[in-house]
Amino acid sequence: MTVKITYPVDALVSYHYYRNDRDLAPLAATGKLRLIGDSGAFSALTQGARIDLADYAAWVHRWRPHLFWAASLDVIGDPVATWHNWKTIREQHNLDTVPTLHAGTDTSWLDTYAAEGVNLIGLGGMAGTGQAPRAFRWAVNMFRHARDKWPGVRFHLWGVANRLFLDALPAYSADSSGILGSAYRYASLRLFDPTTGRHHTVALRKGDRGVYRLASVLRHVYGVDPGEIETSHPGNRIMLVQLAAASTQQYAAWLQRRHRVSPPARAVNPDAPAGSLVHLVAGSGYKQPDGKQDIQLAIGPNIHVAMANPGRENSDEVALIGPALFVADGSSAHLFHLTKEKK
C-alpha cells in the first residue's frame, strides 16, 4: 500500500541544519516539498552555536526562489536586537523576512513591524506545557490587537503542536519538530481522525494490537493496512514517516475548514511550490476549545475552501488557505522519506 499523502508537503528547513547547500539542494530538487526557511536561532542557542547575520541573509538569497517564505534572525529575549536584525536584512540585503515576537513581548512591537508593512509575524516562546496557559493568553492578546488595529496581519506559531493554541487561534501557519521520527524512534504513533476531529496515540510494539482499533481510519483515510505497522521496524520506517506527515496534513485540513485564514498579501512567495489561489468569503468569530467564551478573532476576509482531496498528488489544487502545518526535522533523510513512493 501507498500512504495517501498530498504534495507538496509543507516542511521547514533550518539554516542551522541546512546551511550546507549540498544538504538542501537535493530536497529542493524533489519538487515535492513546500519549504519555509528558518534561521534556527533557538537550536543554535541551545547548542551553543552562533549564526552570522550576513551568512544567513546570503543563504536566504540563494534559496529564495525555493522558499515559500523565510524568517528573520531573531534574538531570543531581546526585541530590540531582533528588530535591528530584521531592519538590516531588509535594508542591507534587500530581503523581506518574517520577524518573530516572543511570548511576553508588548503589542507595541507588533505595531512597529506592521507600520513598516509587515503582514506575517512569527510568535515564539510558546513551546512547552509549563508555560502554555500564560503564553496562550499573550497570544490571544496579540491576535486581538492585530484584529482591531492591523487586520491584514497574519501569524505563524513557532514550534507549536498544542491544540489549545491551534484549535482556538486562527494562525496562518505553524510548525512542530519531532513529528516525523516519533513513530519509529519511540514506537508511538499519533494519528488524526478527520471524522471525529480527534488525535489517537497507539503503541507500535509486538503484542500491543492497539493499532487495529484505528483500522478503519488507517485504511480509508490513509490507505494503510494496520498489519503493516503493527510493530515499528526498519522495513516500515518510510511508511511511518509518511504516515506522520499525512496525519499532520489531515489535521491541517481540519484546521483550514475551522479557521479559513486568508494568506498575507505580500509575505509569501507565490512562485514557490504552492498551488492556486481560491475565492474570498466573509469572516466569522472563533471560540476556545471549551466553547465557553467567544474570543472573536475574526481577521477580515476568509477563503472559501477549494483544497485538493487528501491523497491526491496534484499541487495545482493545493490552496493557500491557512493554517498550514510545517513539519520540521534536522534529518534530511526524514524529509526525503516524504518524497518517496513505495515500490
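Mentor: Welcome! A residue counts as buried when its relative accessible area is under 20%, and as exposed when that area is over 50%. Keep in mind that this is a predicted model.

Trainee: Thanks! Which residues of α2 are called exposed, and why?

Mentor: Arg22 and Ala29 are the ones, and they sit on the face of α2 turned away from its buried side. The cut-off for exposed is over 50%, so each of these two residues must lie above that value.

Trainee: And what makes up the buried side of helix α2?

Mentor: In α2, which spans residues 21-29, Leu24, Leu27 and Ala28 are buried. Their directions cover an arc of only 95° around the axis, so they lie on the same side of α2.

Trainee: What do the buried residues of α2 pack against?

Mentor: Their partners are the strands β1 (9-14) and β2 (33-38), together with the helices α1 (15-18), α4 (53-63) and α12 (332-337). Contact requires heavy atoms within 4.5 Å, so each of these elements comes within that distance of the buried residues of α2.

Trainee: What makes the link between Asn20 and Arg22 a polar contact?

Mentor: At the start of α2, a side-chain oxygen of Asn20 comes to within 2.9 Å of the backbone nitrogen of Arg22. The limit for such an N or O pair is 3.5 Å, so this one qualifies. After α2 comes Gly31, with a positive phi near 70°.

Trainee: Now the sheet. In what order do its strands lie?

Mentor: The eight strands of this open sheet follow the order β3-β2-β1-β12-β7-β6-β5-β4, with parallel pairing.

Trainee: Why are β3 and β4 called edge strands?

Mentor: Strand β3 (67-70) and strand β4 (100-102) each pair on one side only. From one strand to the next, the twist averages 25°.

Trainee: How do you know that β7 and β12 pair?

Mentor: Pairing asks for at least two bridges, and five join β7 (residues 173-177) to β12 (residues 324-328), so the condition is met. These two strands run parallel. One of the bridges has Ser173 with its partner Ala324 in β12.

Trainee: Which helix packs on the sheet, touching β4?

Mentor: Helix α6 (residues 107-115) does, and it also touches β5 (120-124) and β6 (154-157). The direction of α6 makes about 175° with that of β4. Angles run from 0 to 180 degrees between N-to-C directions, so the two point in nearly opposite directions.

Trainee: And how many helices and strands does the chain have?

Mentor: The chain has 12 helices and 12 strands, and buried residues make up 53% of its 343 residues.

Terms used: Residues are numbered from 1 along each chain as its sequence is written. This is a predicted model: local features need pLDDT of at least 70, side-chain atom pairs count only at pLDDT 80 or more; totals for chains, interfaces and linings use all residues. Side-chain values use heavy atoms; hydrogens and water are left out. Helices (H or I, at least four residues) and strands (E, at least two) are DSSP runs, numbered from the N terminus. Buried means under 20% relative accessible area, exposed over 50%, partly exposed in between (1.4 Å probe, protein chains only). The arc is that of the directions from the helix axis to the C-beta atoms. A polar contact is a pair of N or O atoms within 3.5 Å; within protein, one must be able to donate a hydrogen and the other to accept it, and residues adjacent in sequence count only if both atoms are side-chain atoms.
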